[in-house]
Amino acid sequence: MEERLLLFSAGGEQLAFPLHEVCEVMELQPSYPFPRAPRHFVGLINFHGNLTALVDLERFIGREGGGKHGKVLVLDTKIAHLALLVDGVRSILPAGAILGAAPLEGDPIATGTLETEHGTFRLLAVDRLVESLEQGLKKNS
Amino acid sequence: MAKTVMIVDDSLFMRKMLRDILEGEGFEVAAEAADGDEAVTKFRDCRPDVTTLDIVMPNKTGIDALREIMTIDPAARVVMCSAMGQETLTASATEAGAKAFIVKPFNPELVARVVREVVEG
Amino acid sequence: MDMSQYRNLFLSEAREYLKNIGNQVVALEESPSDRASIDGLFRAAHSLKGMAASMEYQDVVEVAHGMEDLMIKVRDGGLPFDAGIADLLLEGTDLIDGLLNDVAADLVPRRMVGDFPARVRSYQPGGAAPPQAPEGEAPGAPPSPAGQPAAAETAAAPEPPGPLATPSAAPLAAPPAAPLAEREQAGELITVRVRTELLDHLINLTGELITNKHRLLNIGRELGSPELDDAISENGKLLRSLHDEVMKVRLMPFEIICDRFQRSVRSLAKGVGKELHFELEGREIGLDRGILEQLIDPLNHILRNAVDHGLEGSQERLAAGKTAKGLVKLAVSRDRDRVLITVSDDGRGMDPQRMIEAALAKGVITQDEAERLSPRQALMLSCIPGFSTAREVTEVSGRGVGMDAVNASVQKMGGTLIIESEPGKGSSFTLRLPMTIAIIHALIVQCGPLKVGVPVTSVHRTVELRRDQVETIGKRQIFYLDEEPVQLLSLNRVLGLPLGRFPTGIVPLFVTEAKGRRVGIVVDRMHGQHELYVKPLGRPLSKLVGLAGGAILGDGELVTILDLADLL
């Protein structure tokens with residue numbers, strides 16, 4: 001099947017994930033704080049019995065206050081127990097509708113940029129994002 | 001007087017089979033050993049007329065044990081036991097001084113004949 | 001030649017090889033490049049093949065040959081030993097085990113070996129092994145429940161599309177009825193081999209049920225219905241025993257990890273030129289698989305210390321009126337629901353007084369503290385990070401290297417470490433561990449906005465102090481417990497939170513041990529003790545030092561469980 005992309009925004013920035021890396025899009029739900037975490041960790045949520053870390057993406061990418069919290073993206077549970085707090089989800093885009101793409105070197109969480117009819121989106125990768133968060137945690141402790 | 005044989009194999013099953021075959025042929029089993037180290041030690045003690053030596057064994061492979069046995073007694077008569085598909089190893093065994101090979105699974109008649117030839121040869 | 005006379009010998013030796021293969025696979029899963037295990041595995045498969053060929057059991061030959069070839073690739077071809085290979089090898093042992101059962105039942109050993117040889121030949125690293133042969137073929141699996149649904153599934157499933165499709169398993173003919181009945185009579189259907197994921201799943205479900213029980217209890221309390229409470233508490237008892245049974249299934253004998261210790265002690269002794277006896281006791285005692293895995297490093301550490309530093313050389317031993325050969329003993333025993341693992345030696349022992357002097361010299365403790373240390377506490381000084389790795393300490397203590405790491409991993413498993421020693425006579429290190437890990441009792445405490453759990457295994461007791469019972473000495477705050485001064489620490493501060501206010505004038509705290517000393521950990525509030533089903537945190541939080549996992553409380557609230565050894 002053709003690859004599809006989930007277009008969304010956080011802190012006002014336009015972002016995308018390959019759709020298969022996102023497990024579920026949920027409404028904001030209660031989270032429980034835990035100790036010793038950097039500020040972008042909002043707390044823990046219970047996703048089908050998995051203790052899942054909720055990260056405020058706009059804080060993490062340094063665009064705090066750029067948007068308002070709307071949705072929670074739960075990422076592929078095979079890779080991580082991680083959910084992202086984002087402004088909202090825009091649409092799902094078939095890969096065929098991408099007008100142009102460019103790789104991004106050295107971006108800690110994204111693999112490239114995509115041109116679409118809705119504008120430019122930074123294409124995130126779950127594994128990079130998770131590694132980047134882990135690095136931050138190690139530094140913290 | 002009966003010729004003596006030492007049987008070396010890490011499998012009890014294999015040792016028992018060889019013992020039965022060779023005793024049936026009138027050999028006297030002077031010793032059995034279950035690994036390479038034991039083979040070398042027991043060879044030194046009992047100096048059998050002929051030794052059957054398995055190749056794949058723990059604590060020293062059959063090839064390494066063969067080399068040590070040949071330094072203890074350069075005239076030692078050793079028959080290597082190998083499985084199919086170990087042709088590359090048989091070359092180094094010959095080089096190290098093995099007199100003959102028998103291949104698993106054992107054909108009792110063939111085993112008896114080869115061992116007898118090596119002892120008498 | 002009449003081969004039937006060799007049948008029993010063949011069976012017993014072949015089963016031994018199978019067991020051997022199983023053990024080596026487990027060992028290699030832990031340290032995938034362990035040469036000795038790779039060689040051992042290869043030899044076992046090779047010997048099996050040779051024996052089976054002599055007996056003319058062609059199916060056994062074929063499976064064993066496949067396993068042997070796979071191990072040759074690992075040994076000589078640089079194929080990494082991964083989970084896929086482990087699965088294939090275990091699948092192979094299952095197949096052979098079934099064939100051996102046929103032999104034992106006087107049947108011609110013929111089974112659906114299916115595509116096993118092909119899958120082994122074409123194995124590529126990275127990919128998990130394709131699904132295991134249908135359970136119906138597994139030895140001893142009950143015929144109908146396992147066989148039929150599987151067959152139905154296969155029939156219903158469309159031809160798998162795409163490049164990932166593997167040749168589907170051979171047709172699922174149920175084993176012929178008569179032989180099965182015979183085997184049943186022979187009592188061979190009493191064991192079933194189960195994949196570990198299935199066990200993990202069962203434990204998960206049991207844990208969820210226990211969480212749910214607490215939720216029901218909360219509702220019952222609100223409704224004020226004694227009948228409901230009774231029913232829930234009855235249910236709770238049943239859940240308890242369900243949990244115990246499920247946990248028992250995960251227990252594996254200590255034996256599966258102890259061979260490595262025998263090897264490492266032997267080579268360590270050789271390395272430092274010491275002669276010793278190594279004794280092993282209690283190999284049959286069962287522990288949770290997860291705990292067994294986590295035990296390997298700490299035990300290796302303690303054993304290494306015993307050989308390196310604990311035991312004297314033979315000259316020194318003879319001069320002290322001891323036997324030339326030292327004794328190192330690894331003993332496992334059960335104490336109700338706990339397992340005790342003791343490493344003891346008859347070496348030079350540790351002198352508490354000299355430990356204290358060294359700690360003073362290193363500035364790890366103050367003179368004041370030094371005077372208050374009991375001999376037992378002094379020995380625990382060896383577990384203080386920094387202190388334990390100091391060279392001079394290693395020499396005086398005859399111990400030490402990495403003891404802090406050992407202590408931390410023991411605490412992580414919910415256990416405790418006890419050090420005993422008599423100078424000149426020897427030392428013993430006892431790990432007191434739970435048999436299973438997933439369900440623990442924890443004290444739930446409040447610190448600012450946070451609710452966190454502390455395993456009760458690290459809580460000596462809880463105390464409520466009046467403010468006037470807190471004394472300030474220099475910069476430290478202390479209180480007296482059993483007439484001994486105990487330092488107070490604020491958990492809020494440790495966790496980087498604002499300090500508590502204690503408007504009622506009561507300061508709640510729990511007493512734990514840190515760096516060999518008792519400390520009082522002050523919290524904002526205690527929420528009592530709870531039975532928690534511990535869940536792992538997963539990525540990325542598993543990298544956060546100081547957290548041992550998390551749990552869901554009865555009211556749906558989530559808490560993290562603190563790892564005090566890491567935090568303090």
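Chain B and chain C meet through 14 residues from each chain. That's one of the contacts in this predicted model, and chain C also touches chain A, with 22 residues coming from chain A and 21 from chain C. For the complex, the predictor reports an ipTM of 0.93 and a pTM of 0.48.

**Where B meets C**
- On the chain B side, helix H1 (residues 12–24) chips in the most, with five residues.
- Sorting that side of chain B by character gives 10 nonpolar residues, one polar and three charged.

**Where A meets C**
- Again, the count here is 22 residues from chain A and 21 from chain C.
- Three elements of chain A each put in at least two residues on the side that touches chain C: strand E4 (41–47), strand E5 (50–56) and helix H2 (126–140).
- H2(A) has the largest share of that side, at five residues.
- By character, the side of chain A that touches chain C splits into 14 nonpolar residues, five polar and three charged.

**How far to trust chain C**
- Chain C has an average pLDDT of 79, and 84% of its residues score at least 70.
- Residues 128–188 of chain C stay under 50 in pLDDT, and the model gives this stretch 74 contacts beyond four places in sequence.
- A second stretch of chain C, residues 392–398, is also below 50, with 20 contacts in the model beyond near neighbours in sequence.
- Where pLDDT is low, don't read the predicted coordinates in detail.

Note on methods:
Residues numbered from 1 in each chain as written. Chains lettered and ligands numbered in written order. Predicted model: local features only at pLDDT ≥ 70, side-chain atom pairs only at ≥ 80, totals over all residues. pLDDT = per-residue confidence, 0-100. Contact = placed C-beta atoms within 7 Å. Helix = DSSP H or I, 4+ residues; strand = E, 2+ residues; numbered from the N terminus. Nonpolar A, V, L, I, M, F, W, Y, C, P; charged D, E, K, R; others polar.
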